Structure formats: structure tokens, C-alpha cells
Amino acid sequence: MFGKKKNVVEASVGSGENAIANKEIEGLSQGQLVRKRFVRHRGAMIALVTLVFIVLFTYSASGLHLGSEKDPITVPGWWHYGITDLSDLRYGDGVCDDGATGCPTLQLNPTQPNFGLGDHPFGQDDIGRDYFALVMRGTEQSIMVMIIIGGMGGIIGTVIGAIAGYFRGRLDGFLMRLTDLIITIPAIIIGAVIGYKVGNLGVVVLGLYLGLFSWTGLARLVRGEFLSLREREFVDAARVAGASNRRIIFKHILPNAVGIIIVSVTLSMSGAILLETGLSFLGFGVVAPDVSLGSLISTYQDSFATRPWLFWWPGLFIISIALCINFIGDGLRDAFDPRQRRRITKKDRQRALTATK
Amino acid sequence: MLTYLSRRVAQLLVILLASSFFVYNLEAIAGDPLEEIKLSSDPKKAQTIVALTRQLDLNTPPPIRFFKWLGGIISGLWGNLQMGNARTGQSVAEAIGNAVPTTIRLVLAATIIAIVLGITIGVITALRQYSRFDYAVTFISFLFFSLPIFWVAVLLKQFLSIGFNDWLANPILDWPWLVGFGIVSAIFWAGVIGGDLRRIAIVAGTAFTASAGFAWLLSATGWFASPVLGPIFIGVGGLATALLITTASTGLSNKPARNAALTMVAVGLAIYYPVQLVLTKNVSGWVLIGLAVLTVIVGLLAGYFFAKEDRAPVMRTSAITAVVIGGMIFLDRLMQEWVPYVSNDFVSYRPIPTIGQTNDMITLQLNDEPDFWLGSLDSLLHIILPTIALTIISFAGYVRYTRGNLLEVLNMDYIRTARAKGLTERTVVMRHAFRNSLIPLTTLMAWDFAGILGGAIITESVFGWTGMGTLFRVAIVSFDLNLLMGTFIITSTLAVSANLISDLLYSALDPRIRVGTGE
């Protein structure tokens, strides 16, 4: 555990490495650099592709369901069952093993005759509703809430943080006390109270209300960033040149703080999906007849022993989405971090050597 | 400093006042507490509504009702705290008084385990940055970050509780299990120790043989059916602990520390049988606390006498060793109750429960014939699953945070200086880097400890515990404002105090940061 480390030695030959690293970024703009670093982060790229696939798959299968229960706005998807359609429960020999009912028809082994999705790929619940439709609807709702919370939090947090950090003084004091105030109230209380009141108005309203309270962390971060950036020379230069406050904020400071904002918003989204599913699990978020991934798990947690697929699928989707977002956030953080340098491998060193020769 | 402190406290009070006003009214607007009764077909509906309206003071508008409630809280300043009654008629103060110990019991162990494990693994990954072990731990911590706790809880119930109980009927480890266990251990230790291929092969081979062989030995001797530590385990385990603690704390070359730690193992073995006479069925808590204090004192004394100079590190080492050995003896005594416990009629060989705080039947039985150890074992077994679930969730944060901090510190100039002075790598890492990397962690810890009382709403609901989280949930759905505000005022006060304490702690630990010098 305490063996001498190799990179101690490496640090002493840092100048050579710097040369290699600098060679790579010559003549690239900040945006290109970030993109390049992000694309190189293998975990983040895999996560991004997976997430895009999940989102496209879900929304094409399930369609779009907005509005409240009373006046819904619906765009149908390609999946032929809805969440209220009742079909006959599959059971019996040769259909389901061990006397189970409503087992999944998904067959991933291409050598089998029933390869493919089948009629009920994720199985059926206890009364015969198609579970694929339920899970897709749940995923659709959860992703929507997640994006709304992340977006609202991002916008409000940035605006409040920027105003507080840029104008300082009394306004800053007031806004930061407001932030402290909202931080005091645990997210779960707000979610529970709001969810209980507006949970039946549809997921968009739920997401908007939750978003109203989820900007505090970002506001503090952005404020700190603005406080330090506004003292920098380029801001002074802009001010001397006669730029307005608005122009300084949007053209000079914000682009420099955008990295921190994007990373924080991304990571907050994985928290948002866990918050929404947790609330729905407790019965405070999305309520019946609408479904979310959390409410599905809550409904079917007791049938785990007899029909485990009712439990696995929603969990799988929550975890995949949250995991992908965490990896993307990590990739973005590395990409935006100017101190972050790629590990110089032996191969790079060799290549640099042959190039100089 | 004093002006700073008083200003901060005044701000906190204003924030608390505003946030409790906000929550009170939010919940009052959120729903009608009489809704359920209005919809019911109870013939005495009208009377109930009138009675409840009077009991909950519904004719007063919520903002004014809030100040009535606040008056009761403020009168707590002169010792006359009035938190009102819950809808059930129970006093809120009493309900909270019952819930707090439950919640602390539930969350404290998980938080401490998560902190210790998370920091340990975080340090190792930072020291092995960019190794396969590092990547694996990174992936696992991201995975843990992404797990919803209710999902983990249901899985644990199914596999750990039901699966383990089934296995206990015939507790023999099959070959696949032994090999699997060996492989996991080999991968883990090879990753932790690292080095070139040859070393990895040796480490992995040793770890595989040792773990699989050890597990086989336990299985073959029927240890799982009647598990106790006994003097042999305490001796061997104590020896390993003593050496490990000495390595991390002072380094094995420090003879006094090593000897003091080894002496502690010998003392532990020597008192093993005599101490059993003290640890009887109805041993009082004070005796146990006394023994714990005695253990620390003996450890410190041994360190004092073994070291001629530079006593502090030696005393620290031997005291930590003494505490660990004492803990082993305690655990051993607890495990001696295992066989009577599992063969109890109410347990009937299914010791890991899926739900509840204690086994009600056992509690009844204990009322007739008190047995400290049986009761403790019962509570301990009930707490295992929630603790694992909570640990999994908060562990990942500590790993990532520790890793990031330690890496940042390891790149500092003073670390290079320390290495250049010729200090051993152990001293550089443990004394110069690790200690400094802990400073930012205090913030996280302060928040986590504050969150203990409020936290765990979902965990409590899944595992059927009635702590603060349950009170809170019940209060929200039944629009029980007194109960809600009672729990809220406690959790929010703790949260804002944690914020203040972490700021003060930060400036105390890091002299570069000074609080109270203008804003």
C-alpha cells in the first residue's frame, strides 16, 4: 500500500510531458478542446450512447403523455398496448415455467424459435396489463421529471447565483439568505408536500414545482465562480471599454462559468431521478392511475418471490439512466477541467520521440 | 469571533423562523385534514368534524395558528416547551422522544461504517490512481450512487435475509461458493497491493488459498451452525489487527508500539475467561461502559510504559488495539447467544428478519426473564439489513470525495518537500497527505450527522421502523401540523447548526481560513 510511486519520478520529467500535452492542444478553441477531451472519455461516451438509445427507445415506444388526468395530451408510440389495456394472462405448461403467470416473452437467444420481443416482452402484472407498456410509461415520466427538475434548477440557480455574485452587496446577502432558507428544508419535505398536492396534476407540474426548490446548490457554486471571475483582468478591461453589466455577465463571465454549470446540472439530474422515484415509491410523487418507475416498484415489491420481472425491469431502467448520467457528468467534469491532462502513456512518448527525430 | 458567532446565530434563527413559517403554511394549504372524515359515511360525522376542528384549531387561519405554535416552542426557553398534540392525542414531544433513539440506532451505525469504509477505500484508490482497482472502484461507486435505496432494500430482503435463512438450515459452503469467495478475495487483494505481474500472482494466489481454505475450514468444522470467536480467533485475529494497526499508525519498525500492541493481545487473551464471569445475563450498561473506559485506559498505560520517548503515537496505537480486542471479546459474548437465539421457538432458525425493529415475542420473553445479550443480539440482527442498505448508498460519496481530496493534496508542493526530506512513504501519506485531505471531509460529515435524524424516510418505510422518518411521513399524509412541525424543527435546527459547526471546524482545522473577518 505504501510502495514508492512511479509518478513521483514522472513528475520530475514533467517538462517533456508538458511538451507532449501542449502539442496536442495547439490551435484549438476552448469548445474544441472540451469536445475532444469528452470524446476521449470512454466511459462517458458509452454512457452517452446508451442514454440516447434509452431515451429514443422509450419515447418512440410509449409516445408522449402530458397534461393532467382530466385533459390529457397524448402522442401515441409504436407499442400496441396501453397501460390500461387488459389482455389474457399467459400461463400453463410450455408457456411459463414453474406455474408462474404472465411471464415475459422476451427472448434474447437468436437460436430459439421465439427469438424477439414477443407479445409481452417484460411480462404482465397480476391483472394482465402489459408490463412493457407500464415500464415504458414509467420511464417516460421519470425522464421527463428529471429533465424538468434539472433544467429549472439550472436556469434559476444560474440566474440567482450570477446576480448575487456579480452585484454583491445587499442583493447578494438577501439572495444567499434565501438560498440558506431553502436549503434548510429537506428536499423530501418539499417533494412530499408538493407531490401530495399536485401529484395528480401530471408529471410536468410535479417537475416544475420540484424544480422551484432544487437550484440552491448550483446558485452557491455559480455565485462563488462569479465572485472570483468578476475581479479578473478581462472583466476590468471590458468595463473600461464601456461594456454594460448585461454584456459583461453574458459575454465575458458566463462563458467562463459554463463548465461548472453544465457539470453540476448533469449530476443533479441523476439525483433528480432518484428523488422522483423515491417520492413516487412513498406515494408522494406520481400517483395512480399514472405510473412512474418508483411507483411500479412500490406496487409490485411484494411479488418479487413469485414474479421477479415486475421488480427487475423498473429498477434496471432507473439504475441505467442514473448510471449513464453519472458517467456523462464525470466525463464532462474531466473535459471542462483545465488542469486535467490525459495520462501520457508509453506509446505517446514513443510517438513524440519519433516525431522529433 | 464572538461578533461573528452571534451574527451567524441570529441569522440562523431568522432562517429557522422563516422556513418553519413557510413549511407550516405550505402543509396547511396542501390539504384538508378533515377530508377523510367528510368523505366517510360515519353517522356521527358532524360531531367528529366539530371535535377535530376544535382539537386542531382549524377555525384560526394557518398564519396565526403558526404563531400560536411558535409561542409554545419559544416558551421552551424557560423550560416550558409546548409542542402540542398529534392528531392521535399523543403529545408530540413524547412521540419524538420515542422516535429519536430508534432513528439514531438505525442510522448512526450505517453512517460510521460508511465513513470508515469509504475513507479507507478512497485512500487506497487515490494511492493506486489509474490502476484497474481504481477503475473498478470508480465504477462500483458510480453504480452505488445510482441505486435507489428502496430497490436495494427489497433485493437485500430477498437474497440476504430469505436466502441466508434458507442456507442456514444446512450451513455448508459448496465448492462453487468457496471458489467464488477465493476469486473475489484474490482480485481484491491483488488490486489493493498492486505491483508487477509476479507480485500480483503471488498475492492473488495467497489470498485465494487463504480465503477459500479458511472458509472451507469454517464450513467443515460446522462453525456456521454455532458461530463463536473463542480464544483462538481472538488470538489470531488480534495478532493480525495489532500488526495492521501498528503498520498504519507508527510503522512496524517502531518497537515500543509493536510490543505494546502485542501485549494488548496477550492481555486480551489472559482476561478472556475471567471476564466471562462479569458479562452475565443481566450485566448492566454501566458495567459495559466502565469496561470500555478501562480498556482505553489500559491501552494508554501500556503505551506509556513501553515507550521511553515520543509516547503519543505508541499510546495511540496500543489504545486502538485494546479497543479492537475488547470489541472482539464483546462480539464473542454476543455470538455465544447465537445457538439459544436461533433455536428459540419464535425465531425457529430464521434469524435474519426482513422487517421490524425487534422480535415482539422475544421482547415479551425478555420482559419475564431479562437477558441483555439475547436482547442485544435480537436488535443487532434486526438492524443488519437497513444498515447494509444505508451503508451502500452513502459509501460511494465518501470514496469519491476522499479520493479526490487526497489526490489534490498529494500533488501539493509540501508533499514533494516531505518526500524530498526522505520521510517514509507511510509518514508522507498518513501524516502529511491524509490528515490534510480530511479537512474538507469534515463538512460532508457534519452534514451527514445532521441528516441522521431527518434521513432514512424511505429506509424506515421499507423495513417497517417507526423513527423520525415515519413520524414525518405520517404527519404529511394526515395533515398533522403539530407532528410535522415538531419533526421539522428538530431536523432543520440540526441542519443549520451543522452548517455553522462545519464552518467553525473548518477554520479551526485549516489556519489559512479565518471566519469573521468582514464579508
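Trainee: How many residues of chain B are in contact with chain A?
Mentor: This is a predicted model in which local features need pLDDT of at least 70 and side-chain atom pairs count only at pLDDT 80 or more, while totals for chains, interfaces and linings use all residues. Residues are numbered from 1 along each chain as its sequence is written, chains are lettered from A in the order in which they are written, and side-chain values use heavy atoms, with hydrogens and water left out. Taking contact as heavy atoms within 4.5 Å, 46 residues of chain A are met by a chain B set numbering 51 residues.

Trainee: Which three residues of chain B supply more of the area buried against chain A than any other three?
Mentor: Buried area is the accessible area (1.4 Å probe) that two parts lose on being put together, summed over both, and for chain B and chain A this comes to about 4,600 Å², with 76% of it on carbon and sulfur atoms. Of the area that chain B buries here, 14% is supplied by Phe142(B), Phe150(B) and Trp151(B).

Trainee: Which side chains meet in a salt bridge?
Mentor: The rule asks for a side-chain nitrogen of Lys or Arg within 4 Å of a carboxyl oxygen of Asp or Glu, and across the interface of chain B and chain A it finds one such bridge. At 3.9 Å, N to O, the partners are Asp330(A) and Arg400(B).

Trainee: Which helix gives the largest share of the side of chain B that touches chain A?
Mentor: Helices are DSSP runs (H or I, at least four residues), numbered from the N terminus. With eleven residues, the largest share comes from the helix spanning residues 2-30 of chain B, α1.

Notes
Helix = DSSP H or I, 4+ residues; strand = E, 2+ residues; numbered from the N terminus.
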